[in-house]
Amino acid sequence: MSQNTPQQRAKQPRSALAGPYGHPFHPILVTIPIGAWVASIVFDIIGLVSDDPAPYVQGAWILIVIGLVGAVLAAVWGFLDYLQLGRGTDARRTATIHMALNLGVTVLFLINLLVRLSADDQDEVSIVGFILSIVGLAALGVSGWLGGKLAYHYGVRVADERTQMDGFR
């Protein structure tokens with residue numbers, strides 16, 4: 001396969017910052033917001049049934065902050081991979097939707113954080129914040145499915161078949 005095809009370019013890192021060939025940094029960075037935001041919902045649930053929800057409430061918003069920082073990092077590295085996709089391709093269209101969903105989820109969790117921090121009683125679980133977290137994680141699930149499609153169906157930033165064959169000899 002020629003290096004100049006859109007498919008081959010999508011497999012190559014834009015720069016060393018994006019991660020080496022066949023091992024991009026974006027997929028590992030997305031574990032930070034996903035893990036932090038899932039854990040924040042777990043903290044909310046524990047806070048809802050706890051006699052003393054205050055530490056879980058505080059833990060949930062700290063986890064949301066960690067997720068926001070991780071989301072920004074993942075977005076930067078994801079954008080480096082996005083720039084390698086040929087315009088007008090199905091992979092680029094899928095990546096655009098993936099990116100838009102992730103940006104929307106990040107904004108939703110920022111609003112979620114602001115709702116929680118502006119609540120009158122910050123020692124109780126914010127029901128609005130809890131609902132925003134559920135909606136945000138549902139959208140993140142759809143976006144994650146699209147991210148999987150980019151890697152596993154379109155092969156974005158995945159080593160080509162000749163390189164992959166090395167593992168099957």
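Here are legends for four close-up views of a predicted model.

**View 1. Ala 95, a buried residue in helix α5.** Ala 95 belongs to helix α5, which runs over residues 90-117. Is this residue buried or exposed? Its relative accessibility is 5%, so Ala 95 goes down as buried, the cut-off being under 20%. Which residues does Ala 95 touch once its neighbours within four places in sequence are set aside? The contacts are with Tyr 82, Leu 85 and Leu 150. Phe 79 is worth labelling here too: it sits 16 residues from Ala 95 in sequence, with 9.4 Å between the two C-alpha atoms.

**View 2. Phe 79 and Tyr 82, an aromatic pair in helix α4.** The structure has three aromatic pairs, and this view takes up the rings of Phe 79 and Tyr 82. Their centres are 5.7 Å apart and their planes make an angle of 20 degrees, so this pair is stacked, given that planes under 30 degrees apart count that way. Both residues are in helix α4, and because they are three residues apart, about one helical turn separates them. How does accessibility look for the two partners? Phe 79 has 37% relative accessibility and so is partly exposed, whereas Tyr 82 has 12% and so is buried. Tyr 82 also turns up in View 1, as one of the contacts of Ala 95.

**View 3. Phe 43 and Tyr 56, an aromatic pair across two helices.** Of the three aromatic pairs in the structure, this one has ring centres 6.0 Å apart and planes at 75 degrees, so it is edge-to-face; the angle needed for that label is over 60. What parts of the chain does the pair link? Phe 43 comes from helix α3 and Tyr 56 from helix α4 (residues 54-82), so the pair links distant parts of the chain, with the two positions 13 residues apart in numbering. Phe 43 is partly exposed at 28% relative accessibility, and Tyr 56 is partly exposed with a relative accessible area of 28%.

**View 4. A nonpolar patch on the surface.** Leu 48, Val 49, Ile 127, Ile 131 and Val 135 make up this patch, which covers about 470 Å². Which elements give two or more residues to the patch? They are α3 (31-49) and α6 (127-153). The largest share, three residues, is from α6. Val 135 is a handy residue to pick out: it lies in helix α6, and its relative accessibility of 45% is why it counts as partly exposed. Helix α3 also carries Phe 43, the ring shown in View 3.

Note on methods
Residues numbered from 1 in each chain as written. Predicted model: local features only at pLDDT ≥ 70, side-chain atom pairs only at ≥ 80, totals over all residues. Heavy atoms only, no water. Helix = DSSP H or I, 4+ residues; strand = E, 2+ residues; numbered from the N terminus. Buried < 20%, exposed > 50% of the residue type's maximum accessible area, 1.4 Å probe, protein only. Contact = heavy atoms within 4.5 Å. Patch = residues over 30% accessible without salt bridge, like charges linked within 9 Å, V, L, I, M, F, W, Y side chains within 5 Å. Areas by Shrake-Rupley, 256 points an atom, 1.4 Å probe, with all protein chains shown as cover. Salt bridge = Lys/Arg side-chain N within 4 Å of Asp/Glu carboxyl O. Phe/Tyr/Trp six-rings, centres within 6.5 Å; stacked < 30°, edge-to-face > 60°.
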